[in-house]
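Thanks, everyone, for making the time. I would like to walk through the aromatic side chains in this structure and then turn briefly to its surface.

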Amino acid sequence: MENFLIGVDLGGTNLKTGLVNMDGKILEKIVVDTGEGKDIVLKQIVKAIENITSKAGKDKSEIAGIGIGSPGLVDSEKGIIRGLTNIKGFENVHMKEYVESALDIPTFIDNDVNIMAYGELKCGAGKDAMNIVCLTLGTGVGGGIIIDGKIYRGSSLSAGEIGHIPVNVDGPKCICGGRACLESYIGRDRIIKRTIEKLTQRKESIIPKLVAGDLKKITPKIIYEAAAVGDTLAIEIWNETAQYLATALAGIINVLNPELIVIGGGIANTGKYLFDPLRDMIKERVFPFLAEKTRIVRAQLGEEAGIIGSAMLAKV
Ligand SMILES: [Zn+2]
């Protein structure tokens, strides 16, 4: 009986593999170093899948499918990873073909944020929903869109670049070729930069004390901690962050009319200091009948979204 799925979360540093049941529960999990170079990474993936199957006391014949989530540009139809910036020598890798010929189990791959969105849809914050938009807020801003219960990939399989929605007519030049992209204002480093700029203009903040005077040590977590004790400068930073985010999301909500906006990633740990102003600002900026229907919630699957989402992708 094919009662189990395998989810693989391929990251630049870690390769996480999980044996998952049909309801999306992780039964076994292993984490190894991803390694460098195409051949090593591919072998690691197959080895991790074999190891986890035997560790869980299962036979290969019990695995219904394998899902693999990868950062970068992924051709999910052909099962090819087109490009990965954080793993050397990883271009045009025929991942699906390689894994299927090594293990003879149906294999599916997709971009990691699409995978996260799909995981949240099936097993997390988006259960029972059909139309959701997911965002990850971290070093960059990633996005995944689900329409009618399916991942929306677009005509060149690259939809969902929410971080590259312009939020101003003019502004910083971006790697995508555009200007004033959302990511240019609320990517991790930009939040820190805005904080340092404010600190150089005014002194009244607890933040310098929290980093013992070394402004290079400021992290989003520090800015969160400052906000939590009522620091007005920190609260201002999160309000501004919410404003940029609300500007982009208002457009998305007016266009797509989703039931849910699911927000994950490290910056989402800021919790109410980001989410409260964000919800208020969105209400002010979209059609009232659309605002009523769209809930803004935190992602539920956290670190395990990659494993669960990719396993669910393989459930066909
Ligand atoms: Zn951009």
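Before I begin, a residue is called buried here when its relative accessible area is under 20%, exposed when that value is over 50%, and partly exposed in between. Please also keep in mind that this is a predicted model.

With that cut-off in hand, Tyr185 counts as buried, because its relative accessible area is 10%. Searching the whole structure turns up three aromatic pairs, and one of them joins Tyr185 to Tyr244, where the ring centres are 4.4 Å apart and the planes meet at 25°, so this pair is stacked. Tyr185 belongs to helix α4, residues 183–186, whereas Tyr244 belongs to helix α8, residues 232–256, so the contact ties together parts that are 59 residues apart in sequence.

Another pair is formed by Tyr224 and Tyr273, and here the arrangement is edge-to-face, with 6.0 Å from centre to centre and 65° between the planes. Since Tyr224 sits in helix α7, residues 220–228, and Tyr273 in helix α9, residues 272–285, this pair ties together parts 49 residues apart in sequence. As for exposure, Tyr273 is buried at 19% relative accessible area, while Tyr224 is partly exposed at 31%.

There is also a contact between a charge and a ring: the charged end of Lys96 sits over the ring of Phe108, at 5.1 Å from its centre.

Finally, which residues make the nonpolar surface patch of about 350 Å²? They are Ile147, Tyr152, Val255 and Leu256. Of these, Tyr152 is found in the loop between β11 (150–151) and α4, and Tyr152 is partly exposed, with a relative accessible area of 41%.

Technical notes
Residues are numbered from 1 along each chain as its sequence is written. This is a predicted model: local features need pLDDT of at least 70, side-chain atom pairs count only at pLDDT 80 or more; totals for chains, interfaces and linings use all residues. Side-chain values use heavy atoms; hydrogens and water are left out. Rings of Phe, Tyr and Trp (its six-membered ring) pair if their centres lie within 6.5 Å; planes under 30 degrees apart count as stacked, over 60 as edge-to-face and the rest as tilted. Helices (H or I, at least four residues) and strands (E, at least two) are DSSP runs, numbered from the N terminus. Buried means under 20% relative accessible area, exposed over 50%, partly exposed in between (1.4 Å probe, protein chains only). A charge sits over a ring if NZ of Lys or CZ of Arg is within 6 Å of the ring centre and within 35 degrees of the ring normal. Patches are made of residues with over 30% relative accessible area and no salt bridge: like charges are joined within 9 Å, nonpolar side chains (Val, Leu, Ile, Met, Phe, Trp, Tyr) within 5 Å. Accessible areas come from the Shrake-Rupley method with a 1.4 Å probe; for residues, only the protein chains shown count as cover. A salt bridge is a side-chain nitrogen of Lys or Arg within 4 Å of a carboxyl oxygen of Asp or Glu.
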